[in-house]
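Open the model in your viewer and keep the selection tool handy. We will go from one stop to the next, with a short word on what to look for at each.

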Amino acid sequence: MRGIYRGRNVTEPVRKRPVHIVAGMGTTATHCAYCALQCAMTLTADAVGRVTVGPRDFPTNRGGLCQKGWTAAELLSSPHRLTTPLLRVDRSASFREASWDEALDVVAARLTATQRDHGRDTVAVLGGGGLTNEKAYQLGKFARVALRTKNIDYNGRYCMSSAAAASNRAFGIDRGLPFPLPDLAETGAVLLAGGNVAETMPPFVRHLAAVVDRGGALIVADPRHTATAERATLHLPVLPGTDLALALGLLHIAVADGHADRAYIHDRTTGFDAAWRAAAQWWPERVERVTGVSVQAQRATVAQLAAGARGRGAVVLTARGAEQQSKGTDTVSALINLTLALGLPGKPSSGFGCITGQGNGQGGREHGQKADQLPGYRRIDDPAARAHVAAVWGVDPDDLPGPGPSAYELIERLGTDGGPRALLVHGTNLAVSSPRGRFVADRLAALDLLVVSDVVLSETAALADVVLPVTQWAEEDGTMTNLEGRVIRRRRAVAPPPGVRTELSVLAALAERLGRGDRFSDDPETVYDELRRASAGGVADYAGIGWDRIDAEGGVFWPCPSVAHPGTPRLFADGFPTPDGRARFVAVEHRPPAEDVDAEHPVYLTTGRILQQYQSGAQTRRIAALAAEPHVEIHPDLALRSGLADGDLVRVVSRRGDAVGRVRLTTTIRPDTVFMPFHWGGEQAVNRVTNPALDPVSRMPEFKVCAVRLERVVA
Amino acid sequence: MTRVLVVGHGMAGARFVQELRTRDPGRRFELTVLGAEPEAAYNRVLLSSVLAGSLAPAEIETVPSAWYAAEDVELRTGVTVAAIDRRRRRVLTTAGEHVPYDHLVLATGSRPWVPPIEGLTGDDGELDRDVAVFRTLGDCRAMLARLHRVRHAVVLGGGLLGLEAARGLAGRGIAVEVVHPADRPMERQLDLDAGRVLARTLRSLGVHVRLNAGAVRFTDGWGGGGRGLRLEDGTRLPADLVVVACGVRPNSALAAAAGLETGRAVVVDDTMTSVTDPAIHAIGECAQHDGQVYGLVAPAWEQAAVLADVLSGGPARYGGSAVVTRLKAAGVDLAAMGETDVDDFADGVEVLRFADPARGTYQKVVIRDDRVTGAIMLGGPETVGAVTQLFDRAAPAPADRRALIFPGVAASSADAADAPDDQTICRCNGVTAGRIRAAGAGTVAEVAATTRATTGCGGCRADVAALLASRSTVEVPA
């Protein structure tokens with residue numbers, strides 16, 4: 001890393017600095033830095049500024065933490081921490097340290113010149129699902145009001161977009177879970193399609209374990225016998241890319257075996273006939289042939305869900321395995337159809353839920369950093385929505401840009417004729433997280449200006465012209481919306497190192513230089529209160545959720561349209577927020593993966609996470625206690641045929657690129673499939689291999705299946 | 001505009017129309033479908049579910065009539081074609097109408113074969129009122145309409161369709177006998193032992209299969225006005241209903257009369273085109289490709305997709321289908337594929353078997369050149385999906401062949417108390433048994449406080465407790 005980071009003064013490892021304790025806040029109740037479970041924790045700063053983490057009891061984590069949470073504070077005093085803006089004249093030069101004024105002046109001047117010479121849309125913004133609600137909101141507003149560009153999207157496009165699209169078209173609303181997480185523990189049966197929570201968010205497993213402990217069913221569909229599948233009562237070893245066929249087959253069985261709740265379908269839904277007609281073509285024996293999941297296991301799955309529906313409840317959950325496919329939206333729709341046929345949504349401890357990934361994956365998609373959205377989950381092409389938000393922002397609705405392209409499509413256009421020539425990056429490490437990574441690096445290199453705000457010199461920051469050092473989780477105030485749709489407080493426990501600014505202050509300072517300084521506060525609560533007004537009346541309505549209420553109540557569930565409103569922990573009991581109040585079946589058809597195996601690339605690749613690392617690894621790779629090396633899970637049979645032994649280095653090669661990892665032999669994976677986690681950069685980045693084939697609705701890339709060959713790396 | 005005329009509106013024909021339109025967003029094909037049956041397209045695979053009562057007839061419709069209107073496809077049901085005029089490129093319907101084409105797609109399917117047994121048909125050649133075939137939704141409706149009067153049924157033919165019909169009837173509380181001429185049911189798919197196990201399983205479900213048996217006469221006069229079937233060996237079986245399931249014959253007479261080459265069915269090449277006339281194509285059960293006539297849905301749909309691609313100018317070619325036969329009968333889990341009746345000790349072949357007839361299990365996998373080339377999976381459902389996919393994809397068989405029959409034996413969960421010091425007990429926090437032992441803690445909570453074990457998913461709590469308990473027993477003096 002320091003090879004790239006070779007400016008004056010910055011090649012030296014930075015000395016550990018004492019952390020500045022905020023007066024009177026030696027102990028702070030906040031939530032974890034990482035995933036959407038947002039485990040409650042207590043941060044204690046001692047006299048010399050060392051911060052220790054302790055778990056805190058909360059309905060979601062029930063006092064649990066994983067390794068990532070326990071060690072989260074180590075990054076506060078990491079020698080890798082950026083503490084001064086970095087600047088360089090061109091990409092071949094080294095970074096040099098710069099003052100904030102100089103860095104911001106350069107950025108503002110170059111943005112202004114770019115827009116003046118080439119048009120407003122030639123400046124683009126990419127945000128992230130880890131940003132607080134305040135930052136996500138402000139970033140969207142900054143793009144639309146200060147830059148007036150349509151080109152803004154965020155990394156949730158790679159994360160939640162398929163589930164979000166499917167939930168919206170079925171329920172008219174997209175909230176990860178329709179109920180508080182403890183309701184899950186009360187249910188009778190859970191089907192988890194493509195998720196490995198035992199590694200991604202371990203304390204979540206407590207709720208699943210409670211289901212099993214009381215004799216309930218936990219069914220996990222995954223090409224791998226993961227740590228989560230290990231805890232299941234039934235594992236469905238689905239062939240990568242065929243989850244949709246499986247879902248259609250389950251609906252088929254539910255209807256054909258008489259488990260459909262006809263009264264519910266009649267009273268509370270529309271579109272059943274067409275959905276059934278599609279599923280009717282997926283009888284279980286056909287599904288077995290396509291998915292590899294036995295007819296018996298399919299029937300058992302439906303029987304157990306149906307038994308749950310008649311008893312304590314039943315829940316179908318999806319995560320990235322089912323969603324990160326070029327047909328992820330349809331796959332989720334098919335699973336929602338299953339829950340509707342069984343009459344689940346709106347009943348106690350029942351329904352469909354999506355397990356959100358990023359820390360603020362939920363709030364981050366609600367407040368306007370999506371290409372097609374304004375705050376409150378409003379559509380940017382809806383005149384009424386534009387008028388409302390424009391009024392809050394004090395601008396003319398006609399001056400708001402229209403919808404822009406999705407994240408990957410935006411990246412594809414960077415530096416092309418007519419495409420964006422400057423890019424601002426906040427809260428994402430797209431050089432590691434985007435599919436077809438080498439191409440993405442080329443696109444970034446083609447930009448005139450790349451500005452990255454980050455805590456450390458991520459792989460993306462290392463490619464930038466300007467790097468702005470910003471605060472991290474324990475150094476800032478704000479709100480996050482967790483996987484339940486519960487709005488919670490992130491609290492500042494320590495002062496940031498000198499030289500580090502919050503992203504709100506960066507945006508305010510840039511806005512000022514762009515002539516819009518009066519519209520952008522750098523105070524998080526002020527920004528949040530504006531967010532409340534902007535979201536008022538929208539689907540994701542935060543109007544009644546003040547910080548004071550969150551502090552007093554330990555979190556509030558949206559929608560919450562007024563301060564007198566109690567919030568909405570449970571959705572759909574009385575109807576669905578659709579025009580007719582009914583949930584909608586969506587008829588979908590199975591189709592094969594965008595890229596199938598062939599003689600040249602005979603093995604399926606699927607990707608995912610490991611326990612020790614989070615997302616692109618920019619944070620967790622810099623924590624010694626979480627040290628891990630990328631590995632490639634291979635079945636011994638496939639290893640034998642490929643001439644690979646445990647511990648060998650193997651190159652995973654697709655039509656788009658290659659990545660190197662260490663062979664880990666395991667019988668927990670199908671012999672036709674290899675798995676590689678995606679937390680590393682450079683030659684270890686599996687996203688150099690993955691396929692950018694996009695879902696036609698959500699624009700989600702197909703991370704979860706592509707065709708590869710394996711080559712042993714000879715030392 | 002290219003006029004594509006599809007004759008036949010069954011599984012193959014309806015699928016083809018959908019496949020073609022998917023590839024034809026510009027609507028350059030003018031599509032007309034003639035169906036002899038009066039029904040909308042329905043899913044023949046689900047007829048056994050209708051017979052068994054789990055689905056209503058209306059629920060097996062595959063393509064709604066609105067689709068045809070929306071996709072600008074002219075669908076005419078209840079229309080039968082009498083002749084093909086190849087010279088003028090048009091067909092003549094029995095109503096005397098001419099329908100022109102540029103491409104004619106024959107998807108006429110097949111019809112049941114009724115053996116020449118006295119009493120099955122009347123003098124007019126029509127089926128007796130108490131004799132049914134099980135082929136169309138109409139057949140199914142007719143059978144359903146009379147079931148309330150049926151106490152005893154006999155199914156002639158113990159092939160796939162006969163057994164599915166028999167199981168459906170038995171599921172409705174009807175006593176069912178299957179009369180089958182061979183020494184085992186489904187003799188084309190099963191070996192002798194598998195047949196014996198299957199017959200036994202069926203018996204437990206109320207279906208009695210008589211092997212090596214043939215019927216000679218269906219007559220009245222069984223006392224009380226009942227009717228029955230007399231077998232070759234003199235046995236008399238009461239039968240209020242006889243279901244004929246003795247196989248099918250492809251409907252290729254139309255093609256033969258038009259001078260197209262036909263064997264058992266219309267002979268086509270790899271583009272699903274008649275070898276005689278490049279403007280005429282055949283798919284499904286009325287097509288013969290490379291000597292094969294397929295009687296299952298999967299090949300018909302593969303052929304429909306190939307032909308749609310070919311007509312759209314695509315490169316697809318049909319290379320035959322790997323056939324997996326799956327009996328759809330509640331309470332029986334049977335899949336058969338490829339070669340199954342082979343000599344276990346023949347050169348170049350590996351045969352795996354596991355049989356537990358008392359529990360209805362018979363599994364056999366045939367391997368050549370490290371590939372699964374055939375299998376019978378009866379009553380052992382766990383690995384069917386894996387075996388089928390290996391067969392379908394000609395993928396290498398597992399090095400440990402046992403995995404084909406026995407589902408993966410879960411890693412034995414050894415007693416945590418005996419775990420070596422370097423074994424991870426708490427995955428979430430990476431805590432080994434050694435660290436827990438070294439923590440010197442007495443309770444799980446103390447272990448959590450010092451090592452963080454149990455604080456993640458909580459799944460290792462019992463293991464930690466076991467470690468603590470084992471240590472305390474060692475320390476307690478005798």
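The tour begins where the chains meet, then visits one helix, and ends inside a single chain. Please keep in mind that this is a predicted model.

**Stop 1: the interface of chain A and chain B**

Colour the two chains differently and select the residues in contact: 41 residues come from chain A and 47 residues from chain B. Together they bury about 3,400 Å², and carbon and sulfur atoms give 46% of that area.

How many salt bridges are there between chain A and chain B? The count is 6. To see a salt bridge up close, show the side chains of Arg277(A) and Glu61(B), which meet at 3.2 Å, N to O. Across this interface there are also 24 residue pairs in polar contact, with both residues at pLDDT 80 or more.

Now select the side of chain A that touches chain B. Several helices of chain A each supply at least two residues to this side, among them α7 (205-213), α11 (272-280) and α12 (284-291). Which helix gives the largest share? That is α12(A), with 6 residues. If you colour this side of chain A by class, you will find 19 nonpolar, 9 polar and 13 charged residues.

**Stop 2: helix α7 of chain A**

Next, select α7(A) and show its side chains. Val205(A), His207(A), Leu208(A), Ala209(A), Ala210(A) and Val211(A) are buried. What do the buried residues of α7(A) pack against? Add α5 (181-185), β9 (189-193), α6 and β10 (217-221) of chain A to your selection, and you have the partners. Just after α7(A), click on Gly215(A), where phi is positive, at about 85 degrees.

**Stop 3: two domains of chain B**

Hide chain A and turn to chain B. Its domain assignment lists four entries to select: domain 1 (2-109 + 249-311), domain 2 (131-246), domain 3 (331-404) and domain 4 (416-475). Keep domain 1 and domain 2 of chain B, whose C-alpha centres lie 31 Å apart. Their contact takes 14 residues from domain 1 and 16 residues from domain 2.

These two domains of chain B bury about 1,300 Å² between them, 63% of it on carbon and sulfur atoms. Across their interface there is 1 salt bridge, along with 4 residue pairs in polar contact. On the side of domain 1 of chain B that touches domain 2, look for 8 nonpolar, 2 polar and 4 charged residues.

For a last view, zoom in on Glu285(B) and Arg135(B): their side chains form a salt bridge at 2.3 Å, N to O.

Technical notes
Residues are numbered from 1 along each chain as its sequence is written. Chains are lettered from A and ligands numbered from 1 in the order in which they are written. This is a predicted model: local features need pLDDT of at least 70, side-chain atom pairs count only at pLDDT 80 or more; totals for chains, interfaces and linings use all residues. Side-chain values use heavy atoms; hydrogens and water are left out. Contact means heavy atoms within 4.5 Å. Buried area is the accessible area (1.4 Å probe) that two parts lose on being put together, summed over both. A salt bridge is a side-chain nitrogen of Lys or Arg within 4 Å of a carboxyl oxygen of Asp or Glu. A polar contact is a pair of N or O atoms within 3.5 Å; within protein, one must be able to donate a hydrogen and the other to accept it, and residues adjacent in sequence count only if both atoms are side-chain atoms. Helices (H or I, at least four residues) and strands (E, at least two) are DSSP runs, numbered from the N terminus. Ala, Val, Leu, Ile, Met, Phe, Trp, Tyr, Cys and Pro count as nonpolar, Asp, Glu, Lys and Arg as charged, and the others, Gly among them, as polar. Buried means under 20% relative accessible area, exposed over 50%, partly exposed in between (1.4 Å probe, protein chains only). Domain bounds come from an automatic or database domain assignment.
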